[in-house]
Amino acid sequence: MITINNLSFKYGKKEVLNDISMKLEAGKIYGLLGENGVGKTTLLKIISGLQKPWKGSCSVFGEDPFKRTPSFLSRIFYLPEELEFIQNDCSIRYFAKINAPFYPKFNKEKFETILKEFEVEGDKKLNKLSYGQVKKAALSFAIATNAELLLLDEPSNGLDIPSKTLFRRIIVQYVSDNTCTLISTHQVRDLENLIDPIIILDNKAVLMNASLEKISEKLHFGLYSSVPSNALYWEPAPGGYICVMENDDLGESKVNIEALFNTTMHHKSRIKELLA
Amino acid sequence: MNNNIFQFNRVGKLFRRTFQQNSKTFLNNTLVLAGLPILFLLIARLTSNEVPSLLFRSNFLAFTVGVIFIFSPFFYYFYNHPKKGLSEVMLPASVLEKFVVMQMVCMISAPLMVLVFLGGSDALITALFPKYQDGYAIAHFFNNRLTTDGVLLAFLSLQALFFANLFFVRRKILKSIASFLVINFLISIIILVIIKVMESRGYFDAVSCNMSVQLNDRGPFEFYAGDNALTMFVMTLRIFMGIVLPILFMIGSYRLMKTNRY
């Protein structure tokens, strides 16, 4: 669905992405993780056609996204972190009414159901709603378009704790099975049990693009009373230490995404080698 | 067949969306425009016991049509805004379709709204109360105010501001007016230099000192064999300013829309 080959990108003289390559498939919910400023949003913008690569190529559905053809735009939905584009003097229902005709697979019932589940008042003006409510309204519209590619930039920002749980459930329940969802975040805990595979972006490179199954095959996550000598990474936790080790017959374990992220940041080349 | 360049169906949808999205603005504008002739009549009756003259009403109509026509591109103020512009750029329609709809709104819908509501309201008052108001401003406008040069100048200004609106991202109005003044100044200097060069080479030797160049009766491409050098120069300048330059601005605007990054 998405093929990125040796892609580089610069803002003026500042290099943001350098020679990155990856492939993303339909029917998966990718988590795009990385520290602030590593180029997560830029990558989403390139995939959605808002930016053009400086070098290399990005192909989505076999097309160059920057051409922004109607057939391409009707198959994707990009939800940016800042929602100024939607905060008009109209309600989300009216917004949907005037924009839905451009999305051939838009499902009005699904839209209404998600709005109801999110407890968003569909007739309230978007510029009068709180940031969290606008985010929920925008998410409802985005999912209801049934786009084949859903790009969500920091979707859990601004959501309260119950809404974050609800968000995860709604994504799993309502996003179509053949949709490729790419969620960018630096709040990894918000997306636990949702994202698989995981992409970790570092300054100018992809450190990891692997499924949870592969990660747990190669790394072991556990809670220990003391830190084992072979631990790649450890952090104190109630009851001991969360430790990450290379999986040498330690068996499968549940991937702790935050610990995985921190391990990757501390042992970039080793993790890249292990999960290549 | 999925046509990715131009489909009338999508143009219709875009046009409908523009009016649905801005229905309140349009409604407010139409009410204000329709109310102005009534206000003029009331003010004239209350202050001087006279009726607003046909010339005043026609001039006002011409001024309003001109202002709305020229400044209508700013209706799309946020098109290239890095955040607010996403609702337009990510909308599934081609750049050509979006460009055509924007041009239609600026060139047809905006002036038409003034003519229909301001001119229509004025005509209605004249028809209903002939004792208080004489003549139709809209008829006077079409017969006396609508000249070829006026239309060409308005078209040039519209396309220049359309381009400026897409070229500048912030403080658009200020920057547009400033660049408008600078470009006008530069064009005047260039014209002056060309005239001086032509004069020094003897092109105007045969031209009488007190001749006048009457172009109002001519179409933009009406050249005659006996035209003197000055007339030819002014006619060429007219084509450049009224047709070539606006087309260049249109091409530039389309290119900006196609390649803008967010």
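Two residues are in contact when heavy atoms of theirs lie within 4.5 Å. On this basis, among the contacts in chain B that join residues at least 6 apart in sequence, 74% link residues at least 24 apart. The model described here is predicted.

## Chain B and its two domains

The secondary structure of chain B consists of nine helices and zero strands. Along the sequence, the pattern therefore reads α-α-α-α-α-α-α-α-α, where helices are DSSP runs of at least four residues. Taken along the principal axes, the C-alpha atoms of chain B fill a box of roughly 60 × 60 × 40 Å. Chain B has 262 residues, of which 40% count as buried.

The domain assignment gives domain 1 (1-146) and domain 2 (147-262) in chain B. The C-alpha centres of these two domains of chain B lie 26 Å apart. In the contact between them, 25 residues of domain 1 of chain B meet 27 residues of domain 2 of chain B. About 2,400 Å² is buried between the two domains of chain B, and carbon and sulfur atoms give 73% of this area. On the side of domain 1 of chain B, the residues that lose the most area to domain 2 are B:Phe74, B:Asn80 and B:Phe99, together 27% of what that side buries.

The count of salt bridges between the two domains of chain B is zero, while the count of residue pairs in polar contact is nine. Helix H3 (54-71), helix H4 (86-89) and helix H5 (95-128) of chain B are the elements that give two or more residues to the side of domain 1 that touches domain 2. The largest share of that side, eight residues, comes from H5(B). By residue type, the side of domain 1 of chain B that touches domain 2 divides into 18 nonpolar, five polar and two charged residues.

## Chain A and its two domains

Chain A is likewise assigned two parts, domain 1 (2-210) and domain 2 (212-274). Taken over C-alpha atoms, the centres of these domains of chain A are separated by 29 Å. Their contact takes 18 residues from domain 1 of chain A and 15 residues from domain 2 of chain A. The area buried between the two domains of chain A is about 1,500 Å², with 69% of it given by carbon and sulfur atoms.

Across this interface of chain A there are two salt bridges. One of the salt bridges in the chain joins A:Arg189 to A:Glu258, with the closest N and O atoms 2.7 Å apart. Five residue pairs are in polar contact across the interface of the two domains of chain A. Strand E8 (198-202) and strand E9 (205-210) of chain A each supply at least two residues of the side of domain 1 that touches domain 2, and the largest share, five residues, comes from E9(A). That side of domain 1 of chain A divides into 11 nonpolar, two polar and five charged residues.

Helix H8 (residues 257-266) of chain A is mostly covered, with eight of its 10 residues buried. Among the buried residues of H8(A) are A:Ile257, A:Leu260 and A:Phe261. The N-terminal end of H8(A) is capped by A:Asn256, which has a side-chain oxygen 3.1 Å from the backbone nitrogen of A:Glu258.

A:Ile47 belongs to helix H1 of chain A. Because its relative accessible area is 0%, A:Ile47 counts as buried. Beyond its neighbours within four places in sequence, A:Ile47 is in contact with residues including A:Ile2, A:Cys58, A:Phe72 and A:Leu182.

## The interface of chain A and chain B

The contact between the chains takes 29 residues from chain A and 29 residues from chain B. A:Arg68, A:Pro70 and A:Phe102 supply 26% of the area that chain A buries against chain B, more than any other three residues. The rule finds two salt bridges across the interface of chain A and chain B. A:Glu82 forms a salt bridge with B:Lys83, in which the closest N and O atoms are 3.0 Å apart.

The table sets out the buried areas.

| Parts in contact | Buried area | Given by carbon and sulfur atoms |
|---|---|---|
| Chain A and chain B | about 2,600 Å² | 59% |
| Domain 1 and domain 2 of chain B | about 2,400 Å² | 73% |
| Domain 1 and domain 2 of chain A | about 1,500 Å² | 69% |

Conventions
Residues are numbered from 1 along each chain as its sequence is written. Chains are lettered from A and ligands numbered from 1 in the order in which they are written. This is a predicted model: local features need pLDDT of at least 70, side-chain atom pairs count only at pLDDT 80 or more; totals for chains, interfaces and linings use all residues. Side-chain values use heavy atoms; hydrogens and water are left out. Domain bounds come from an automatic or database domain assignment. Buried area is the accessible area (1.4 Å probe) that two parts lose on being put together, summed over both. A salt bridge is a side-chain nitrogen of Lys or Arg within 4 Å of a carboxyl oxygen of Asp or Glu. A polar contact is a pair of N or O atoms within 3.5 Å; within protein, one must be able to donate a hydrogen and the other to accept it, and residues adjacent in sequence count only if both atoms are side-chain atoms. Ala, Val, Leu, Ile, Met, Phe, Trp, Tyr, Cys and Pro count as nonpolar, Asp, Glu, Lys and Arg as charged, and the others, Gly among them, as polar. Buried means under 20% relative accessible area, exposed over 50%, partly exposed in between (1.4 Å probe, protein chains only).
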